[in-house]
Amino acid sequence: MLLSRRRFLAASTMGAAATTLRLPVAGAAEPAVIGIGDPQYDTLTQRGYNRRFTARPQRIYLPANAEEVRTAVERSVSDGLRIAVRAGGHGFDNFVDNDRTQSIIDIGRLGTVGWDDTQRAFSIDAGTDLGTVYERLLTWGVTIPAGICKGVGIGGHASGGGYGPLSRQLGLVADHLHGVEVVTVDKGGAASTVLATADGPNADLFWAHTGGGGGNFGVVTRFLLRSKDSDGTDPARALPKAPGSMFNTRLVLPFADETSFLRLVSNFLGFFEKHSAPGDPFNALYAPLLLRPGITGSEVQVLLNADVPDARSMFDEFVAAVWEGVTPAPIQLPLEQASYADTVARVYYAKGMPGFRVKVKSAYMRKAYSTDQLRILYRYLTDIRFVGESQVEFLPFGGATNAVAADATAVPARDSFMKMLIHAAWRLPWDDDRYVAWAREMYRDVYAETGGAPVPDESNGGSYINYPDPDLADAQWNTSGVPWHTFYYGANHARLLAAKTQWDPDTLFQHSLSLDRPDW
């Protein structure tokens, strides 16, 4: 990546600043506070992705550094206000925006990315959006396997494990996490800024943030990122080297009858089930299948690391395998090759909130769906009443993510090859009931044999906490008898709950799927 001298010097200055210890500065710990009636209030309360939910807190704090976060937390606790934390604002459900939230700690102003000489790791403020993270890390020629949505804040993303187009090659963001800085609250109500690292102090709190989900233990103010195989002596080798270039295109399905639909999805799932082991050459390929109601316009989005040997031949093999026997043939848009920086800039999803009302349901897949399950999907997806922004997504998983032990991080899903996401999206509030019902009933019917939910077994691997679904804690929709936390955390739940009890003894940090939520 070419850098102007001005940009290089700016990055160097930023990196040097990040090495400074974050100590309280007299007179500099007063976070901005927005209250009801303030001109900014309504805009800030509307910052969430899912417009089904809007909080009306008494206060919205806008801290600019870790000490201001600590002050905001301590004052909220002292005044008896229930706290919620917002980074990028892309949460799918009501963890932040609910009628119990009285104080939002909005960390969107914490956006520094640099090199920390003391910790020998990259220091990334928790309010930084992923697009900025990618851009700044490329100053050193490195990257992380984070998400495709550039506007997502790294705070909640990394805390839930973090996954994206390079994960099949490089693992999860959590696999490259070295430490966290967290504002926690003790039994007496005092807030402290705590450093927790993989090989140093407070290792249990560190581990809890490798997939335990945001909003459970405190307020993360920054992450320290360094890969396990690096000693941190050279920033350019502390994280994975960014690809030199990427192939990208889209394969559009004009329409499909049931026979073609079954063939397409079976081909797609079968291909990635076959190529999901660590070290498989096709781990360089990320190609989600996006199925839209009405079927017309469904597509495969292709991103392929062009640096790997025979990348173009791999693309051709993938296309031939997935579209074998599918009629009509797909419309293939031109295959482009661009630098990684340009691919992130032009192909990754732009920042900004679309203003949707949303209901999501997710699952990890250990085996491909049966023909009966695919027929159920087809039935729901051919209901033209839901044509619009909704889609069912199959997101390739496995590869390097499956090379890590299930208890090495808090993410237990280390033996799946695919994520499935039902993303029901609409604009008008009077459509809430029918869209929510459409998503719930489709999910229930697909998983009818396991109580309406993807109970971890030979075929299913549970669910992803960054795609949260409180229905898993509702016996009306999860009739399996399996507790909700098993889907998200598996056998790691007990260790996470112990960390929750230690670091949040008064359960000040709560939401609809908090770690300490009792089973029904």
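Helix α14 turns the exposed residues Ala494 and Thr501 away from its buried side. Exposed means over 50% relative accessible area, buried under 20%, and partly exposed in between (1.4 Å probe, protein chains only). Helices here are DSSP runs of H or I with at least four residues, strands are runs of E with at least two, and both are numbered from the N terminus.

This is a predicted model, in which local features need pLDDT of at least 70 and side-chain atom pairs count only at pLDDT 80 or more, while totals for chains, interfaces and linings use all residues. Residues are numbered from 1 along each chain as its sequence is written, and side-chain values use heavy atoms, with hydrogens and water left out.

**Helix α14**

Helix α14 spans residues 493-503, and its buried residues are His493, Leu496, Ala499, Lys500 and Trp503. Seen down the helix axis, these fall within an arc of 125°, so they line one face of α14. The arc is taken from the directions between the helix axis and the C-beta atoms. The cover over this buried side includes β7 (177-185), β8 (191-197), α7 (203-208) and α13 (484-489). Contact means heavy atoms within 4.5 Å.

**Helix α4 and its neighbour α5**

Helix α4 covers residues 130-137. Six of its eight residues are buried, so α4 is largely enclosed by the rest of the structure. The buried set is Leu130, Gly131, Thr132, Val133, Tyr134 and Leu137. Elements covering them include β5 (113-116), β6 (121-125), α5 and α10 (340-346). At the start of α4, a side-chain oxygen of Asp129 comes to within 3.1 Å of the backbone nitrogen of Gly131. A polar contact is a pair of N or O atoms within 3.5 Å; within protein, one must be able to donate a hydrogen and the other to accept it, and residues adjacent in sequence count only if both atoms are side-chain atoms.

His157 sits in α5 (residues 154-159). Its side chain reaches the backbone nitrogen of Gly147 at 3.2 Å. Beyond neighbours within four places in sequence, His157 is in contact with Leu130, Ala146, Gly147, Val152, Gly162, Tyr163, Val173 and Asn466.

**Helices α8 and α9**

Helix α8 (residues 258-274) packs on helix α9 (residues 311-322) at an angle of about 140°, with the axes 8 Å apart. That makes α8 oblique to α9. From α8 the contact uses Leu264, Asn267, Phe268, Phe271 and Phe272; from α9 it uses Phe318, Ala321 and Val322. Seven of these residues are nonpolar, one is polar and none is charged. Axes are lines fitted to C-alpha atoms, for helices over the stretch in contact, and angles run from 0 to 180 degrees between N-to-C directions. Under 35 degrees counts as roughly parallel, over 145 as roughly antiparallel, 65 to 115 as roughly perpendicular, and the rest as oblique. Ala, Val, Leu, Ile, Met, Phe, Trp, Tyr, Cys and Pro count as nonpolar, Asp, Glu, Lys and Arg as charged, and the others, Gly among them, as polar.

**Backbone features in loops**

Asp310 lies in the loop between β13 (298-305) and α9. Its phi is near 60°, a positive value in a residue other than glycine. On the other side of α9, the loop between α9 and β14 (331-332) holds Pro328. The peptide bond from Thr327 to Pro328 is cis, with omega near 0°. Asn202, in the loop between β8 and α7, also has a positive phi, about 55°, although it is not a glycine.

**Accessibility of single residues**

| Residue | Relative accessible area | Class |
|---|---|---|
| Ile107 | 2% | buried |
| His157 | 10% | buried |
| Tyr467 | 13% | buried |
| Asn94 | 19% | buried |
| Asn202 | 26% | partly exposed |
| Asp310 | 59% | exposed |

Three of the buried residues lie in loops. Ile107 is in the loop between β4 and β5, Asn94 in the loop between β3 (83-86) and β4 (103-106), and Tyr467 in the loop between α12 (432-446) and α13.

The partners listed next leave aside neighbours within four places in sequence. Ile107 is in contact with Pro63, Val69, Arg86, Ala87, Ala126, Gly127, Val219 and Val220. Asn94 is in contact with Phe53, Pro470 and Ser512. Tyr467 is in contact with Phe92, Val360, Ser362, Leu395, Lys419, Leu421 and Tyr488.

Two separations give a sense of scale. The C-alpha atoms of Ile107 and Ser313 are 45 Å apart, with their positions 206 residues apart along the chain. Tyr467 and Pro63 are 404 residues apart along the chain, and their C-alpha atoms are separated by 27 Å.
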